[in-house]
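Dear colleague,

Please find below the structure I promised to pass on to you, with its sequence. Once you have had a look, read on for what was found in it.

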Amino acid sequence: MSRDEIIKIENLKFRYRDDGEWALKGVSFSIFRGEWLAIVGHNGSGKSTLAKVLNGLLLPHSGTVHVENIPLTKDTVWDIRKRVGMVFQNPDNQFVGTTVRDDVAFGLENIGVPREEMIKRIDESIAKVRMSEFTNYEPHRLSGGQKQRVAIAGVLALRPAVMILDEATSMLDPMGRKEVIETIRALQKESSNMSVVSITHDLEEVTQADRVIVMNRGELFAEGTPEEIFDLGEQLISLGLDLPFTVKLSRLLRQKGIQISKCHLKQQELVNELWTLYSKM
């Protein structure tokens, strides 16, 4: 993974009312090209506010955001949105077209993409999310996972440098969540330059990230790999966050004297180590 800095945030502050509490209190960090960054935190921690600032839906009161060296201002917001696409929690709120094809075309029409190029991008992006057979379907006839894949196609067609998932899997059932995450992971591998920022409560989604940022009361509480973050254990629980089932089970087994090497994030890794230990008994 390249360490090319694609977004740089410095001392970012934001509040919704001039006399209100700060939703973001001097947040600073970078996002690197090609990485999957998960941002987690309890409700009110500032993570969704942060996502909206990164996409230019909100402008900071102070501090700076640079996207590919372009500073976020009211004059550059449309340039920023070409580079940072966002998939929201409820896909129904994003649909504007009467068919899947019309919906994916909408963003391209807004930025004036020529017709021939537009047709090419629509077909490519719909194919990449495996929805080609549904091109002429009305969006409301699709399942939740399919709707999110169409929303992702609409963002992909714009060819952003960064895709933000703002709780994009939270309204889906487990199969739908798995479907959407696998789709985005495959797309990211196919285009290694695209960065993904996942604002999420889904612990399984966090375990798949390259790096994790924990927000608390508008501040950056911790930053590290998923392993480093979940090693914080009780500190996360005190923030109102949870631990993945495999981490909880790993910790419990170690407390019971079973000598596993670490708190595993992935179920298969834990199963493999337990099988190895059992075979030696």
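Let me begin in the middle of the sheet, where β7 and β8 run parallel and are joined by 5 bridges; one pair to look up is Val-162, whose bridge partner in β8 is Ser-195. Please keep in mind throughout that this is a predicted model.

On its other side, β8 pairs with β3, again in the parallel sense, over 4 bridges, and here Ala-38 stands opposite Ser-198 of β8. Strand β3 (residues 36–40) is in turn joined by 4 bridges to β9 (residues 211–216), which runs parallel to β3, and in this pairing Ile-39 has Ile-213 of β9 as its bridge partner.

Put together, these strands belong to an open sheet of 6 strands in the order β6-β7-β8-β3-β9-β10, with mixed pairing. The edges are formed by β6 (84–87) and β10 (219–224), each of which pairs on one side only, and neighbouring strands are turned against each other by 20° on average, direction ignored.

Two helices lie against this sheet. Helix α1 (residues 47–54) packs on it and touches β3, β6, β7 (162–166), β8 (195–199) and β9, with a direction that makes about 150° with that of β7. Helix α6 (residues 174–190) lies across β3, β7 and β8, and runs at about 140° to β3.

Is β8 covered or open? It is mostly covered, since 5 of its 5 residues are buried. In a regular strand, side chains alternate between the two faces of the sheet. In β8, Ser-195, Val-197 and Ile-199 point one way while Val-196 and Ser-198 point the other way, and all of them are buried.

Finally, the nonpolar cores. The largest has 48 residues, and those with the most contacts inside it are Val-87, Ile-152, Met-163, Leu-165 and Val-214. At least two residues of this core come from each of β3, α3 (100–110), α4 (115–128), α5 (144–156), β7, α6, β9 and α8 (226–230), and α5 gives the most, with 6 residues. If you select Met-163 and leave aside its neighbours within four places in sequence, you will find that Met-163 is in contact with Gly-85, Val-87, Ile-152, Val-155, Leu-156, Met-194, Ser-195, Val-196 and Val-197. There is also a second, separate core of 32 residues, which includes Ile-7, Ile-9, Leu-50 and Ile-80.

With best wishes

Methods. Residues numbered from 1 in each chain as written. Predicted model: local features only at pLDDT ≥ 70, side-chain atom pairs only at ≥ 80, totals over all residues. Heavy atoms only, no water. Pairing = 2+ DSSP bridges. Axes fitted to C-alpha atoms, helices over the stretch in contact; angles between N-to-C directions. Contact = heavy atoms within 4.5 Å. Buried < 20%, exposed > 50% of the residue type's maximum accessible area, 1.4 Å probe, protein only. Core = buried A, V, L, I, M, F, W, Y, C linked by side-chain atoms within 4.5 Å.
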